[in-house]
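Here are some notes to read with the coordinates open beside you. They go from the whole chain down to single residues.

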Amino acid sequence: IPESTRGRVVVVTGANAGLGFSSARLLARAGARVVMGCRDSRKCAAAAARIRGESPSMVVDTLVDLDLASLASVNAFATAFKSKYSKLHGLLLNAGIMSPPYTMSADGIELQFAVNHIGHFYLTQLLLPMALQTAKMSKMSSVHITSVSSMMSFVAAALPTRFLNADNMSLKVLNDPEDYGKIKHYSQSKLANVLFAKELNRRVA
């Protein structure tokens, strides 16, 4: 992590465990102000306390719960962030789920696609204007938005499935319980992460 990270505001989703926790800790250790986005506020607070316990100079913050399966929750988190912060230097879109039984999100979307892709897509749309303005005001060379994917995205790219045909992509196909496969739908959500990152980079550039 470069020295230039010091003093920057970075949001990390899924920051209470696994890769998200490790990333939040490393960013805080490098001097960033890390805003932890977690579904469970108690687990988030405990994880933040663990990081702060390593050094009083490490700055981590928790806001409202961030449930990526609910667009209303994503909106509430973004609103809370914008009410407290005026700058955003980076987004680490890390949170995700893998291979649950067929389930629909609060918004009527297959759960893995909702959490792994749609929730992060919406969070980015809500916070991107602030990130772009921060980059402009600080004369940064780029906006740092990282979408964590998986090697399973290559599996999705090879699947002969209707969903991956751009001409036929629809919620009707995605949400079809008869077409549901735990690994297949996980792979599709991870491919969506890659496609989203590539298109976002193209548009921002």
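**Notes on the chain and selected residues**

1. Let me begin with the surface. The accessible surface of the protein chain comes to about 10,500 Å², and 57% of that belongs to carbon and sulfur atoms. Accessible areas come from the Shrake-Rupley method with a 1.4 Å probe, and for residues only the protein chains shown count as cover.

2. A word on provenance. This is a predicted model, in which local features need pLDDT of at least 70 and side-chain atom pairs count only at pLDDT 80 or more, while totals for chains, interfaces and linings use all residues. Residues are numbered from 1 along each chain as its sequence is written, and side-chain values use heavy atoms, with hydrogens and water left out.

3. On the fold, the protein chain has 7 helices and 5 strands, where helices (H or I, at least four residues) and strands (E, at least two) are DSSP runs numbered from the N terminus. Along the sequence they follow the pattern β-α-β-α-β-α-β-α-β-α-α-α. The radius of gyration is 17 Å, close to the 17 Å that the globule rule gives for 205 residues, so the chain is as compact as a globular protein of that length. That radius is taken over C-alpha atoms, and the rule is 2.2 Å times the number of residues to the power 0.38. The C-alpha trace spans about 50 × 40 × 30 Å along its principal axes.

4. Turning to packing, buried residues make up 47% of the 205 residues in the protein chain. Buried means under 20% relative accessible area, exposed over 50%, and partly exposed in between (1.4 Å probe, protein chains only). Of the contacts between residues at least 6 apart in sequence, 71% join residues at least 24 apart; a contact means heavy atoms within 4.5 Å.

5. Helix H7 covers residues 182–204, which is 23 residues, and reaches 33 Å from its first C-alpha to its last, close to the 33 Å expected at 1.5 Å a residue. The expected span is 1.5 Å times one less than the number of residues. Among the buried residues of H7 are Lys184, His185, Tyr186, Phe196 and Leu200.

6. Asp61 is a residue to display in strand S3. At 9% relative accessibility, Asp61 counts as buried. Beyond four places in sequence, Asp61 touches Val34, Val35, Met36, Arg52, Lys84 and Tyr85. Asp61 and Val11 are 50 residues apart along the chain, with their C-alpha atoms separated by 9.4 Å.

7. Two serines sit in loops. Ser70 is in the loop between strand S3 (59–62) and helix H3 (71–84), and is buried, with a relative accessible area of 15%. Leaving out residues up to four places away in sequence, Ser70 touches Ala106 and Asp107. Ser99 is in the loop between strand S4 (90–93) and helix H4 (111–138), and is partly exposed at 22%. Which phi does Ser99 have? Its value is near 60 degrees, positive in a residue other than glycine. Most residues other than glycine have a negative phi.

8. Finally, Gly31 lies in the loop between helix H1 (18–29) and strand S2 (33–37). Setting aside neighbours within four places in sequence, Gly31 is in contact with Thr5, Arg6 and Gly7. The C-alpha atoms of Gly31 and Arg8 are separated by 7.7 Å, with their positions 23 residues apart along the chain.
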